[in-house]
Amino acid sequence: MPTTLQPVIVTPSLPLLLAFYKALLGAEEISRVPDDGPAFYVGLRIGNAELGVVADGDAHIDAPQRILLNVNLADLNVGDVDSLLEHVAALGGRVLGEPNDMPWGQRVAHIQDPDGNTVNLTQPI
């Protein structure tokens with residue numbers, strides 16, 4: 001069944017962003033356009049969701065970002081919020097602060113991917 005809503009990130013560095021989401025969240029490549037040669041579009045499956053990544057060499061990552069990815073780590077079996085933070089900088093991202101336990105029952109940390117897109121990493125407490 002196709003997804004009803006799919007976030008898509010436009011990036012000047014497709015290989016860097018793909019490596020980040022694959023290594024940090026266990027994203028699996030499910031589609032690529034074109035099939036051979038340099039990709040323009042890559043579809044990723046992260047848990048039961050999909051994320052599209054589009055290559056655009058003219059994309060400006062210093063422009064204000066309008067995407068927030070909310071990732072429930074419990075669905076992915078990639079570790080917990082605290083342990084993943086140790087890998088973010090090495091993969092080209094940035095940790096925006098220490099994780100916090102929220103009153104609604106989640107442990108939450110905010111990071112940025114290599115393009116500066118904000119990502120909420122969450123897990124049930």
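**Exercise 1.** Work out which pattern of strands and helices the protein chain follows along its sequence.

*Solution.* Start with the order: this predicted model runs β-α-β-β-β-β-α-β-β-β-β. Then tally the elements, and you get two helices and nine strands.

**Exercise 2.** Find out how the radius of gyration of the protein chain sits against that of a compact globule.

*Solution.* Take the 125 residues and apply the globule rule, 2.2 Å times the number of residues to the power 0.38. That puts a compact globule near 14 Å, and the protein chain has 14 Å, so the two agree. For the extents, the C-alpha trace spans about 45 × 35 × 25 Å along its principal axes. Next, look at packing: 38% of the residues are buried. Finally, of the contacts with a separation of 6 or more, 52% join residues 24 or more positions apart.

**Exercise 3.** Describe the surface and the charges of the protein chain.

*Solution.* The accessible surface comes to about 7200 Å², and carbon and sulfur atoms own 53% of that. Now the charges: there are 16 negative side chains and 6 positive ones, with the centres of the two sets 2 Å apart.

**Exercise 4.** Is Asp113 buried or exposed, and which side chain of opposite charge is nearest?

*Solution.* First, place the residue: Asp113 sits in the loop linking strand S8 (106-112) to strand S9 (118-124). Asp113 is buried, meaning under 20% relative accessible area. Now hunt for a partner: the nearest side chain of opposite charge is Arg94, 9.9 Å away, and Asp113 has no salt bridge. A salt bridge would need a nitrogen-oxygen distance within 4 Å. Last, list the company: beyond its neighbours within four places in sequence, Asp113 is in contact with Ile9, Leu17, Phe20, Tyr21, Gly92 and Gly93.

Key:
Residues are numbered from 1 along each chain as its sequence is written. This is a predicted model: local features need pLDDT of at least 70, side-chain atom pairs count only at pLDDT 80 or more; totals for chains, interfaces and linings use all residues. Side-chain values use heavy atoms; hydrogens and water are left out. Helices (H or I, at least four residues) and strands (E, at least two) are DSSP runs, numbered from the N terminus. Buried means under 20% relative accessible area, exposed over 50%, partly exposed in between (1.4 Å probe, protein chains only). Contact means heavy atoms within 4.5 Å. Accessible areas come from the Shrake-Rupley method with a 1.4 Å probe; for residues, only the protein chains shown count as cover. Lys and Arg count as positive and Asp and Glu as negative; His and the chain ends are not counted. The place of a charge is taken as NZ of Lys, CZ of Arg, CG of Asp or CD of Glu.
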